[in-house]
Amino acid sequence: MNRESYMKLLEEISLNAWPSHKIELYDGWLIRFSHNYTHRTNSVEQVGASQIPIEEKIAYCEAMYANYHTPAIFKINPLLDPSFDRLLAEKGYEIQHTTEVMTMDMKKMRLEDPLSVEYEYYGRNSGLPSCICFSNDIIIQLRDRITDEWISSLFRLNGTTNPTLRRIVPSMFKAIPKETIVAFAEIDGRTVASGLGILDRGHAGLYAIYVDPSCRHKGFARAICSSILAEAQKKGAARSYLQVVKGNTYAKSLYTSLGYQDFYTYWFRVKETGILHS
């Protein structure tokens, strides 16, 4: 598979992995809306050929987001004609949230080795171990389903307090159509780290890696990622991908140490300032 084809595949499976609250298909463009939860779920993505003149399409999207009282946002990836990015710049759209896509051949993973693995099934659990123990008293728990409890803990870890988002985002997570590996770590019954693996077409996508400030730089993120990736490989995943915001040097260093390499970069063009979560 050539570079462009593989990039297209990653764009497709990342769309599957991260549903929006509302989606409209408009002449080959996906208009995604999620009350500003993230740029990715609240932007326009080009997924097919267009027939309508570009100026008319941009105006239509701007009107749609104005109706939602949110900024007009367009995702720009290397598959698009560069002239579209230049056109948005001329219209006053600013670059925000530049994101680096990293990939890895899972035969070359450099994971943290666990001290022990325990199996105690919860519901279906799809054969996942229930607890994976690492050094420094780090215990990672795995489940095969996204629960309300996990989402509530995620909100606390990533600082989501908006009542509307706390109402709609759980349905977005539960709308993920692919097999998931849900990871978390607790200390005294309180979740201090989270992670989510999403399996699709031989790939394992890493999402929602968060660690409580009190537990950062102590090995929790590495243990979370290692647990998800090891189980994804057992389930047949041959490659992995993730998306990290440019400038997040600690996360980038962690992912590089696990075996990920840079593949491509995308960014968002935003018409007006808006406060979005990462």
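**View 1. Residue classes in the lining of the largest pocket of this predicted model.** Nonpolar residues number 22 in this lining. Twelve more lining residues are polar, and four are charged. The pocket holds a volume of about 960 Å³. In total, 38 residues line the largest pocket. Nearest its centre lie Ile209, Tyr210, Asn248, Ala251 and Tyr255.

**View 2. Elements around the largest pocket.** Three strands each give two or more residues to the lining: β5 (94–105), β11 (203–211) and β12 (239–245). Helices α4 (148–158), α6 (220–234) and α7 (249–258) do so as well.

**View 3. The second largest pocket.** This pocket encloses about 330 Å³ of space. Its lining has 13 residues. Lys8, Gln46, Val47, Gly48 and Leu79 are the closest to the centre. At least two lining residues come from each of α1 (3–17) and β3 (44–46). Helix α1 supplies the largest share, six residues. By class, the lining of the second largest pocket splits into four nonpolar, four polar and five charged residues.

**View 4. The crossing of helices α2 and α3.** Helix α2 spans residues 54–67, and helix α3 spans residues 82–90. Their axes come within 12 Å and cross at roughly 55°. The two helices are therefore oblique to each other. The crossing is right-handed. On the α2 side, Ile54, Glu55 and Ile58 make the contact. On the α3 side, Phe84, Leu87 and Leu88 make the contact. Five of the contact residues are nonpolar and one is charged, with no polar residue.

Terms used. Residues are numbered from 1 along each chain as its sequence is written. This is a predicted model: local features need pLDDT of at least 70, side-chain atom pairs count only at pLDDT 80 or more; totals for chains, interfaces and linings use all residues. Side-chain values use heavy atoms; hydrogens and water are left out. On a 1 Å grid over the protein atoms alone, a cavity is a set of points where a 1.4 Å probe fits but cannot get out, and a pocket is an open set with protein on both sides within 12 Å along at least five of seven lines; lining residues have an atom within 4 Å of a point. Grid points are joined across faces, edges and corners, and a volume is the space filled by probe spheres set on the points. Helices (H or I, at least four residues) and strands (E, at least two) are DSSP runs, numbered from the N terminus. Ala, Val, Leu, Ile, Met, Phe, Trp, Tyr, Cys and Pro count as nonpolar, Asp, Glu, Lys and Arg as charged, and the others, Gly among them, as polar. Axes are lines fitted to C-alpha atoms, for helices over the stretch in contact, and angles run from 0 to 180 degrees between N-to-C directions. Angles under 35 degrees count as roughly parallel, over 145 as roughly antiparallel, 65 to 115 as roughly perpendicular and the rest as oblique. A crossing is left-handed if the near helix is turned anticlockwise from the far one by less than a right angle, and right-handed if clockwise. Contact means heavy atoms within 4.5 Å.
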